[in-house]
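Here's a quick tour of the structure below, taken one topic at a time. Have the viewer open and follow along.

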Amino acid sequence: MKPLVRTAALSGYVELCRSLGVDPQPLMKRVGLDTAALAVQDRWISGAAAVQVLELSAADSGHEDFGVRMAEFRRFSNLGPVSLVVREEPDVRSALRLLIRHQHMYNEILHARLSEGDGLATLQVDLRLGEAMESRQATDLAVAAFHRILRGFLHTRWQPLSVWFRHPAPADPATHRRVLGPMVEFGREFDGIVFYADDLDAPNAMADPLLREYARQYFEAIAVPKDTTVADRVRELIEVLLPSGRCSIEQVARSLGVDRRTVHRHLGASGETFSSLLNATRVHLAEQFVANPRRSLTEISDLLGFSSLSAFSRWFREQFGSSPRAWRSGRSLQQPSGQD
């Protein structure tokens with residue numbers, strides 16, 4: 001299966017597009033994504049699609065520095081659950097190593113590594129997409145995001161010795177130098193950041209020693225193994241794609257970077273089918289949505305990917321034994337007195 005990224009990888013994408021006068025929705029549709037999916041940052045989407053939409057956006061906006069600009073929208077929380085334990089590590093070295101060791105929890109295409117020698121530390125960043133494609137903007141975003149993280153660990157005015165990029169210099173490198181400092185070099189041997197190794201010994205400026213043990217216990221309970229199943233990935237994609245009205249086996253296969261037969265084969269090996277996962281996901285979401293009186297049935301029908309309210313109502317009756325309106329009324333009557 002092709003690697004995935006959390007939707008948080010595109011945090012700030014919509015805001016940046018709009019600030020540059022670009023409509024993000026058509027660009028995302030071209031790569032099989034939808035802006036609605038970005039509302040929940042813990043969903044997983046195709047890594048290749050995320051990379052492609054950044055390239056399209058840079059071209060459409062006329063800004064070669066699109067990826068670096070997007071890094072300015074980054075917050076430490078965009079890393080997801082791993083951020084809770086990383087920010088409590090006592091020094092920069094342990095925090096950075098933990099972040100790298102668990103990078104699969106927030107981005108499967110990212111392969112960063114830290115090395116030390118001759119008094120220098122090098123944080124090298126690679127993107128592994130499983131196929132050849134232009135990834136300049138995603139690379140710029142990844143390097144600039146790590147630069148931002150290091151500043152969070154150290155100091156807002158911290159500067160590395162140099163920031164390297166393999167790609168040629170943009171026509172105007174002003175944004176790169178403003179965000180990353182004056183020592184930005186292009187056409188180098190790798191993408192990454194070079195700084196003094198002594199910086200790794202510095203206390204983590206974000207850490208609270210009293211919270212460290214609590215953070216580690218929490219993280220150990222939720223840490224995701226690298227061998228996430230295909231069924232898990234398909235479930236996540238179904239939930240993301242349902243509101244777009246384009247939740248099909250073909251679209252899921254495209255997001256995973258394979259053909260539909262490969263998806264069927266992997267699901268069959270685990271005793272699942274695409275239809276069974278689609279229906280189970282709809283049942284799970286329908287219970288949540290219909291129980292909420294603030295959501296109209298028409299809105300719920302759209303969120304679950306039905307072509308019409310009548311189609312949703314027929315399906316709901318088959319699954320729950322009553323119409324959605326009657327089911328909602330019954331749930332309301334079961335609420336204890338005094339509850340909303």
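In this predicted model, M70 touches A9, L10, S11, G12, Y13, L16, L54 and L141, leaving out residues up to four places away in sequence. M70 belongs to helix α4, which covers residues 66–71. With a relative accessibility of 0%, under the 20% cut-off, M70 counts as buried.

**Around M70**
- One partner of M70 to look at is L54: the two sit 16 residues apart along the chain, and their C-alpha atoms are separated by 9.5 Å.
- L10 and Y13, both touched by M70, are also among the residues with the most contacts inside the largest nonpolar core.
- L141, another contact of M70, turns up again in the largest pocket, as one of the residues closest to its centre.
- As for confidence, α4 has the highest mean pLDDT among the elements of the chain, at 97.

**Nonpolar cores**
- The largest nonpolar core takes in 66 residues, and those with the most contacts inside it are L10, Y13, V86, L99, F146, L150 and F153.
- Helix α7 supplies the largest share of this core, with nine residues.
- Which residues does V86 touch, once those up to four places away in sequence are set aside? They are F76, A95, L98, L99, F153 and N204.
- There's also a second, separate core of 32 residues, with C247, I249, F289 and F316 among its members.

**Helix α6**
- Helix α6 (residues 92–101) is mostly covered, with seven of its 10 residues buried.
- Those buried residues are V92, R93, A95, L96, L98, L99 and I100.
- They pack against α5 (82–86), β3 (110–117), β4 and α7.
- Three of them, A95, L98 and L99, are contacts of V86.

**The largest pocket**
- The largest pocket comes in at about 680 Å³.
- It is lined by 35 residues, and R74, L141, A145, F146 and I149 are the closest to its centre.
- The elements that give two or more residues to that lining are β1 (4–6), α3 (47–61), α7 (136–153) and α8 (174–180).
- Which element gives the most to the lining of the largest pocket? That's α7, with 11 residues.
- By class, the lining of this pocket splits into 23 nonpolar, five polar and seven charged residues.
- F146 plays a part in two of these lists: one of the residues closest to the pocket centre, and one of those with the most contacts inside the largest nonpolar core.

**The cavity**
- How many cavities of 30 Å³ or more does the structure hold? There is one, and about 50 Å³ of space lies in it.
- Its lining is made up of G32, L33, D34, A37, I45, S46, L237, V240, L241 and S255.
- β2 (44–46) and α10 (230–241) are the elements that give two or more residues to this lining.
- The largest share, three residues, comes from α10.
- Sorted by class, the cavity lining has six nonpolar residues, three polar and one charged.

**S135, in the loop before α7**
- S135 lies in the loop between β4 (120–127) and α7.
- Is S135 buried or exposed? It counts as buried, because its relative accessibility of 17% falls under the 20% cut-off.
- Setting aside neighbours within four places in sequence, S135 is in contact with V51, E55, L127 and L129.

**The chain as a whole**
- The chain has 16 helices and seven strands.
- Its C-alpha trace spans about 70 × 45 × 40 Å along the principal axes.
- Of its 340 residues, 49% count as buried.
- Among contacts with a separation of 6 or more, 68% are between residues 24 or more positions apart.

**How far to trust it**
- The average pLDDT of the chain is 86, and 92% of the residues score at least 70.
- Helix α9 (residues 212–222) has the lowest mean pLDDT among the elements, at 65.
- Over residues 336–340 pLDDT stays under 50, and the model gives this stretch zero contacts beyond four places in sequence.

Notes
Residues numbered from 1 in each chain as written. Predicted model: local features only at pLDDT ≥ 70, side-chain atom pairs only at ≥ 80, totals over all residues. Heavy atoms only, no water. 1 Å grid on protein atoms, 1.4 Å probe; cavity = no way out; pocket = protein on both sides within 12 Å on 5 of 7 lines; lining within 4 Å. Points joined across faces, edges and corners; volume = space filled by probe spheres on them. Helix = DSSP H or I, 4+ residues; strand = E, 2+ residues; numbered from the N terminus. Nonpolar A, V, L, I, M, F, W, Y, C, P; charged D, E, K, R; others polar. Core = buried A, V, L, I, M, F, W, Y, C linked by side-chain atoms within 4.5 Å. Buried < 20%, exposed > 50% of the residue type's maximum accessible area, 1.4 Å probe, protein only. Contact = heavy atoms within 4.5 Å. pLDDT = per-residue confidence, 0-100.
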